[in-house]
Amino acid sequence: MPSTSRAGSLKDPEIAELFFKEDPEKLFTDLREIGHGSFGAVYFARDVRTNEVVAIKKMSYSGKQSNEKWQDIIKEVKFLQRIKHPNSIEYKGCYLREHTAWLVMEYCLGSASDLLEVHKKPLQEVEIAAITHGALQGLAYLHSHNMIHRDIKAGNILLTEPGQVKLADFGSASIASPANSFVGTPYWMAPEVILAMDEGQYDGKVDVWSLGITCIELAERKPPLFNMNAMSALYHIAQNESPTLQSNEWSDYFRNFVDSCLQKIPQDRPTSEELLKHMFVLRERPETVLIDLIQRTKDAVRELDNLQYRKMKKLLFQEAHNGPAVETQEEEEEQDHGVGRTGTVNSVGSNQSIPSMSISASSQSSSVNSLPDASDDKSELDMMEGDHTVMSNSSVIHLKPVNEEALSSFEHEQDSELREQMSGYKRMRRQHQKQLMALENKLKAEMDEHRLRLDKDLETQRNNFAAEMEKLIKKHQAAMEKEAKVMANEEKKFQQHIQAQQKKELNSFLESQKREYKLRKEQLKEELNENQSTPKKEKQEWLSKQKENIQHFQAEEEANLLRRQRQYLELECRRFKRRMLLGRHNLEQDLVREELNKRQTQKDLEHAMLLRQHESMQELEFRHLSTIQKMRCELIRLQHQTELTNQLEYNKRRERELRRKHVMEVRQQPKSLKVLRGVGASSTKGLLLLLLVAHRSSDRAAAFWQEAWKACAVPCMAVLRLAEDFRLELSIQHLV
């Protein structure tokens, strides 16, 4: 829908489909207020068609910022139409009447905050687990559909008669995830919502943080930092560590669950789906734990005093609707208490709850919680309801209704001041973050430059060492190659020398064999010549055989000589090689020892350089951390100064609010009382004289004097003395 459309316009068919055409005043009766806030009020009502009890949230879209209010109503209706889950409040329809939207939903007995208000003590751990489990199921449903509630707190977690847990108040919800608007109730806000910049984003884990704060609220009756004003709390949430449970009586499961929800870094925080598997919510507990809690709460409400009962009797509305006995009892009690019960039911949550806020495209708040000082606003709200009467003995003073347009302007001015304050906070945080980021980037660049320079020096040294080592290795390789060549030449010369000696020995052996063969041959011939009886042929055969024997013997001797020479050559060569290898090994050892010494020297030099660089980096890092710490301290000092200024502005604003409220109350008084107040402040006798002139009858003067005395704060005895001076019959009974 275009933003320029008039508030309440139904010309757009898509918008018109969101609202029913019937008159809601004809459909719903027995309306009784059960809560109110900056958005309007919530009422208990009965549907005349089905006799069903419902809750009606009335939201006005008239006055200032009407278009924004209308857009918020449309957004909330669309959101409620989209969700359908057992743990979210059931939407029944929306009606329009006299610039007011009637948002009809299922009726719930009250909120978890009401339980704390009635019992005046924390809930039991098993009760907190049951409520948390139901809320987690509703959140898991929203997050699975990329929706964010953004206002989870005890006041927005409702309970039904059968003990069901319902999420309510989707006026601050986001239909899309991630989001970046500053929305929610300050004490329950996640750090990333507070620090959300224009470019910053957050997702459904902000609801997990708010749920953790709600657990602390249910366990300690108040959220953390509740003793501070909203602005101070926002500063502390953004800057300090995550809160924890204070008492030691809670179980480790509960403590771990709260600590998991309140992880400061969103990436470390579990999702709602993961938390459903946590033992804190999965532990066995009685099925009727919430039903028993509701019944105990109802019993406690009946025992409350007059003021507290008036605020919490809404918990008995549905029970009264189911049976007339309780209603009759309530009416009798109200009659007994007299005029004191004529006020409204003040809050749907605790008196200490505060409205949710948002600074975004549509900044209208939609929380159902009461304003910070609900008890102070009671008289003002009574005036808003219409004509009221204050009964005296015999006179009736009529009070005029408050001007709604003036109230709307007053609330708008308050919202504007709050938005302006929060915008200033966001601007300050953005500026501080930019300063810190600029300083960190500058120091990081300086650190990177220093590290690069050190790395370059180290790399240069390592390159020099590598060059020296490479040169040494090449020198060693050349020495080894030279030694190998020398060994090969020496071995070759040694083999040649041995072979020459063996060749000479072989030649000498062959010459001696030849001489011995000739000599033996001559001896055989002489022997044959001496023996003449042997035939010549036999002599020739015998001689040939003897020659063969001699040659065979000589050949064997020659082979033995060659074998001995070969064995000798191999043995001498092995001995020579062994001597050469030992020499080479000694040389290699010397070279390796030299190389290792060189490497050790280089490593010592490199280690010394690394130590110097480490000390240099530590010194630079320490200087950088000191600089950042100084800036952070200065920024925190400025933030604290801003916080103090905001606190003073808050006090002044509260004083102005109380003064305006007082002025509005005075304006509702009859004109005669205003005259009496002005006269009584200057002259008590003149006041009494005015009473005598205005009222001839002493009875009427006495009755009217009661109201004048309240306005002028004249002491009782002074009144009696003045009455005696003027001979007015006035007794203590008339004044008390």
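These exercises work through strands, salt bridges and a surface patch in a predicted model.

**Exercise 1. Find the strand order and the edge strands of the open sheet of 3 strands.**

Solution.
- Start with the order. The sheet runs β6-β7-β8, with antiparallel pairing.
- Next, look for strands that pair on one side only. These are β6 (110-111) and β8 (165-167), the edge strands.
- Now check one pairing. β6 and β7 (residues 157-159) are joined by 2 bridges. Ser111 faces Leu158 in β7.
- Last, find what covers the sheet. Helix α5 (residues 125-144) lies across β7 and β8, at about 40° to β8.

**Exercise 2. Decide whether strand β4 is largely enclosed or not, and describe its hairpin with β5.**

Solution.
- Count the buried residues, those under 20% relative accessible area. In β4 (residues 91-97), 5 of the 7 residues are buried, so the rest of the structure largely encloses this strand.
- Turn to the partner. 6 bridges link β4 with β5 (residues 100-106), and the two run antiparallel. Leu96 stands opposite Ala101 in β5.
- Inspect the turn. It has 2 residues between the strands, and Glu98 there takes a positive phi near 50°.

**Exercise 3. Work out which parts of the chain three salt bridges connect.**

Solution.
- A search of the whole structure gives 32 salt bridges. Take three of them.
- Glu14 and Lys78 come first here, with their closest N and O atoms 3.9 Å apart. Glu14 is in helix α1 (residues 13-16) and Lys78 in helix α3 (residues 66-82), so this pair ties together parts 64 residues apart in sequence. Lys78 is partly exposed, at 28% relative accessibility.
- Glu106 and Lys166 follow, at 3.1 Å between the closest N and O atoms. Glu106 belongs to β5 and Lys166 to β8, so the bridge ties together parts 60 residues apart in sequence. Glu106 is buried at 13% relative accessible area. Lys166 is buried too, at 6%.
- Glu657 and Arg654 close the set, at 2.4 Å between the closest N and O atoms. Both sit in helix α18 (residues 536-667), 3 residues apart, about one turn of the helix. Glu657 is buried at 11%, and Arg654 at 16%.
- Some bridges share partners. They join Asp23, Glu25, Arg97 and Glu98 into one network.

**Exercise 4. Classify Leu282 as buried, partly exposed or exposed, and place this residue in its surface patch.**

Solution.
- Locate the residue. Leu282 is in helix α11 (residues 279-282).
- Apply the cut-offs. Buried means under 20% and exposed over 50%. At 46%, Leu282 is partly exposed.
- Add its neighbors in the patch. Tyr253, Met279 and Leu282 make a nonpolar surface patch of about 290 Å².

Note on methods
Residues numbered from 1 in each chain as written. Predicted model: local features only at pLDDT ≥ 70, side-chain atom pairs only at ≥ 80, totals over all residues. Heavy atoms only, no water. Pairing = 2+ DSSP bridges. Helix = DSSP H or I, 4+ residues; strand = E, 2+ residues; numbered from the N terminus. Contact = heavy atoms within 4.5 Å. Axes fitted to C-alpha atoms, helices over the stretch in contact; angles between N-to-C directions. Patch = residues over 30% accessible without salt bridge, like charges linked within 9 Å, V, L, I, M, F, W, Y side chains within 5 Å. Areas by Shrake-Rupley, 256 points an atom, 1.4 Å probe, with all protein chains shown as cover. Salt bridge = Lys/Arg side-chain N within 4 Å of Asp/Glu carboxyl O. Buried < 20%, exposed > 50% of the residue type's maximum accessible area, 1.4 Å probe, protein only.
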